[in-house]
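Biologist: I'm new to this one, so could you pick a single part and walk me through it slowly? I'd like a close look at the cysteines and what sits around them.

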Amino acid sequence: MSGHLVLLGPPGAGKGTLAKRLSQELGFLHLSTGDVLRAEVAQGTELGRQAKEYMDRGELVPDELILAMVRSRVAGEKKVLFDGFPRTLAQARGLEEFAPVSRVVFLSLAREEVIRRLSSRRVCLQCGALYNLLTQRPREDERCDHCGVKLVQRDDDKPEVIARRYDVYERESAPLVDFYRARGLLVEVDASLPPEEVYQRVRRALS
Ligand code: AP5
């Protein structure tokens, strides 16, 4: 597949899980705005400082900060896989101006499953690997299979923040489904299926 690809879906739909594999196998530059923001927070940059207060509350970081951050990272790139971006109509319209997308995969998942999955997610801060205590189990001692460091729970995976993030998704990001469907770019995949099945369906949809 050529051109840029967007992964759209509620928090916990499996965007990051899918994006890591798709970008490796199909040669995309993987751009997760959430990962970039968490790195900025960890490094204590000015952007990280501004973003943190929104992220801790489960709110969206303002569009102008996100658009400037994305724009500077995709300049000159031919195949970008956007994970967690765009998330508002303003971001989608902004993206059209500097990097129009070829396809959008919408990973659909119900609220109860979002809450179940995110409450049991664990992440490796060293290599970024994703695990789930229910569905993609790490080793018995909850260390990363790849680098052996202790896995952690993301700050925004607390129950009250997960619920807020889902509400924000419904209000701000769900309208993007119709936005991209009207442009003939959208394919929908049922994200409640096991990871391998989700992956195979997405590959078929993109071929
Ligand atoms: P971000 O990091 O983008 O979080 P998110 O969109 O809420 O998505 P998640 O990373 O929580 O979930 P995911 O869909 O990637 O699922 P995953 O693969 O991990 O954003 C965080 C914050 O940053 C936002 O709240 C906001 O403040 C800010 N931000 C980021 N982008 C922004 C933007 N564009 N504009 C403004 N603000 C922005 O999987 C979840 C779990 O399920 C894992 O445990 C995994 O192992 C498991 N799993 C995955 N697939 C399956 C499957 N098929 N079956 C069973 N389990 C599965």
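Modeller: Let's start with Cys-144, which counts as buried because its relative accessibility is 0%. Keep in mind that this is a predicted model. The closest cysteine sulfur to that of Cys-144 belongs to Cys-147, and the two sulfurs sit 3.6 Å apart, so they are too far from each other for a bond. A disulfide would need the sulfurs within 2.5 Å. In fact, searching the whole structure turns up 0 disulfides. Cys-124 is in no disulfide either, and its nearest cysteine sulfur is again that of Cys-147, at 3.4 Å. Cys-124 is also buried, because its relative accessibility is just 3%.

Now have a look at Cys-127. You'll find Cys-127 in the loop that runs between strand E5 (121-123) and strand E6 (130-132). With 41% relative accessibility, Cys-127 is classed as partly exposed. Leaving out residues up to four places away in sequence, Cys-127 touches Cys-144, His-146 and Cys-147. There's also Val-149, 22 residues from Cys-127 along the chain, with 9.3 Å between the two C-alpha atoms.

E6, at one end of that loop, leads us on to the ligand. E6 supplies at least two residues of the shell around the ligand, and so does each of helix H1 (15-26), helix H2 (33-43), helix H6 (111-119) and helix H9 (195-206). H2 gives the largest share, 4 residues. Altogether 37 residues surround the ligand, and the closest are Thr-17, Arg-87, Arg-121, Gln-136 and Arg-165.

Some of the atom pairs are worth finding on screen. In Arg-87, a side-chain N or O atom is 2.6 Å from an oxygen atom of the ligand. Lys-15 places a polar side-chain atom 2.9 Å from a ligand oxygen. Pro-195 uses its backbone instead: an N or O atom there lies 3.4 Å from a nitrogen atom of the ligand. Taken alone, the ligand exposes 1000 Å², and the protein buries 97% of that.

One last stop is helix H5 (residues 89-98), whose buried residues are Gln-91, Ala-92, Gly-94 and Leu-95. These residues lie on the same side of H5, because they cover an arc of only 165° around the axis. What covers them includes strand E1 (4-8), helix H4 (63-74), strand E3 (80-83), strand E4 (101-108) and helix H8 (175-182).

Terms used: Residues numbered from 1 in each chain as written. Predicted model: local features only at pLDDT ≥ 70, side-chain atom pairs only at ≥ 80, totals over all residues. Heavy atoms only, no water. Buried < 20%, exposed > 50% of the residue type's maximum accessible area, 1.4 Å probe, protein only. Contact = heavy atoms within 4.5 Å. Arc of directions from axis to C-beta. Near = heavy atom within 4 Å. Polar contact = N/O pair within 3.5 Å; in protein donor to acceptor, adjacent residues only side chain to side chain. Areas by Shrake-Rupley, 256 points an atom, 1.4 Å probe, with all protein chains shown as cover.
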